[in-house]
Amino acid sequence: MAGRAARLVLLAGAAALASGSQGDREPVYRDCVLRCDERNCSGGALKHFRSRQPIYMSLAGWTCQDDCKYECMWVTVGLYLQEGHKVPQFHGKWPFFRFLFFQEPASAMASFLNGLASLVMLCRYRTSVPVSSPMYHTCVAFAWG
């Protein structure tokens with residue numbers, strides 16, 4: 001019986017977490033995204049969006065809907081600040097200004113440096129450990145995991 005109650009509490013907690021962030025649930029944000037999507041992301045408006053979107057943004061996979069979410073996030077943040085409230089999270093993240101196509105440039109740089117360090121260490125491993133070592137292939141296979 002106690003196990004069933006514990007599972008129910010865990011399930012309820014998971015459902016609460018899955019409901020989204022404060023900013024996602026905000027009606028102003030949802031209405032803004034819906035209006036922006038209807039106004040800018042279909043038909044001729046979509047063609048206009050694509051024609052003015054920088055090439056690096058489209059190559060990075062930013063869509064019209066992503067741009068609507070980004071713009072509406074800042075509209076909502078502005079309203080929160082205007083009313084004297086704390087800045088909410090959106091999609092589980094704090095709002096960051098976009099630089100080129102990076103919405104979180106410091107995080108992107110840290111990830112790049114982490115990948116670079118992993119590559120350097122993999123190269124060192126491959127040059128210093130003989131291929132005949134028992135776990136060599138396993139370590140190489142999981143080096144990027």
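## Starting at Asp67

Asp67 has its place in helix α6. This is a predicted model, and Asp67 makes a handy doorway into it. With a relative accessibility of 16%, Asp67 counts as buried, because the cut-off for that label is under 20% relative accessible area. Setting aside residues up to four places away in sequence, Asp67 touches Phe49, Trp62 and Arg98.

Two of those names are worth keeping in mind. Phe49 is also a contact of Cys64, and Trp62 belongs to a cluster of aromatic rings. Both come up again below.

## The overall layout

Stepping back, the protein has 8 helices and 0 strands. Reading along the sequence therefore gives the pattern α-α-α-α-α-α-α-α, with helices defined as DSSP runs. The protein has 145 residues, and 19% of them count as buried.

How much of the contact network joins residues at least 24 apart? Among contacts between residues at least 6 apart in sequence, the share is 52%.

## Where α3 meets α6

Helix α3 covers residues 27-40 and helix α6 covers residues 64-82. The two pack at an angle of about 145°, and their axes are 9 Å apart. The crossing of α3 past α6 is right-handed.

On the α3 side, the contact is made by Val28, Tyr29, Cys32, Val33, Cys36, Asp37 and Asn40. On the α6 side, the residues are Cys64, Gln65, Cys68, Lys69, Cys72, Met73, Thr76 and Leu79. Sorted by character, the residues of this contact are 10 nonpolar, 3 polar and 2 charged.

## The nonpolar core

The largest nonpolar core holds 16 residues. Which residues have the most contacts inside it? They are Tyr29, Cys64, Cys72, Met73 and Phe90. At least two residues of this core come from each of α3, α4 (43-52) and α6. Helix α6 gives the largest share, with 6 residues.

Cys64 is a good residue to click on here. Apart from its neighbours within four places in sequence, Cys64 is in contact with Asn40, Cys41, Leu46 and Phe49. Asn40 and Cys64 both take part in the contact of α3 with α6 as well.

## Ala45, on helix α4

Ala45 lies in helix α4. Is Ala45 buried or partly exposed? Its relative accessible area is 27%, so Ala45 is partly exposed.

Ala45 and Cys64 are 19 residues apart along the chain, and their C-alpha atoms are separated by 9.9 Å. Leaving out neighbours within four places in sequence, Ala45 is in contact with Arg39 and Asn40. Asn40 thus appears among the contacts of Ala45 and among those of Cys64.

## Aromatic pairs

Now to the rings. A pair of aromatic rings is described by the distance of the centres and the angle of the planes. The count comes to 4 aromatic pairs. One of them is Tyr70 with Trp74: the ring centres are 6.4 Å apart and the planes stand at 75°, so the pair is edge-to-face. Both residues lie in helix α6, 4 residues apart, about one turn of the helix. Tyr70 counts as buried at 9% relative accessibility, whereas Trp74, at 23%, counts as partly exposed. Ring pairs link Trp62, Tyr70 and Trp74 into a cluster, and Trp62 is the residue met earlier as a contact of Asp67.

Tyr125 and Tyr136 also form an aromatic pair, and this one is stacked, with 5.6 Å from centre to centre and 15° between the planes. The pair links distant parts of the chain: Tyr125 sits in helix α7 (residues 105-128) and Tyr136 in helix α8 (residues 136-141), 11 residues apart. Tyr125 is partly exposed at 23% relative accessibility, while Tyr136 is buried, with a relative accessible area of 6%.

## A backbone detail at His91

One last stop is the loop between α6 and α7, where His91 lies. What is notable about the phi of His91? The angle is positive, about 55°, although His91 is not a glycine. At 46% relative accessibility, His91 counts as partly exposed.

Key. Residues numbered from 1 in each chain as written. Predicted model: local features only at pLDDT ≥ 70, side-chain atom pairs only at ≥ 80, totals over all residues. Heavy atoms only, no water. Axes fitted to C-alpha atoms, helices over the stretch in contact; angles between N-to-C directions. Left-handed = near helix turned anticlockwise from the far one by under 90°. Contact = heavy atoms within 4.5 Å. Nonpolar A, V, L, I, M, F, W, Y, C, P; charged D, E, K, R; others polar. Core = buried A, V, L, I, M, F, W, Y, C linked by side-chain atoms within 4.5 Å. Buried < 20%, exposed > 50% of the residue type's maximum accessible area, 1.4 Å probe, protein only. Phe/Tyr/Trp six-rings, centres within 6.5 Å; stacked < 30°, edge-to-face > 60°.
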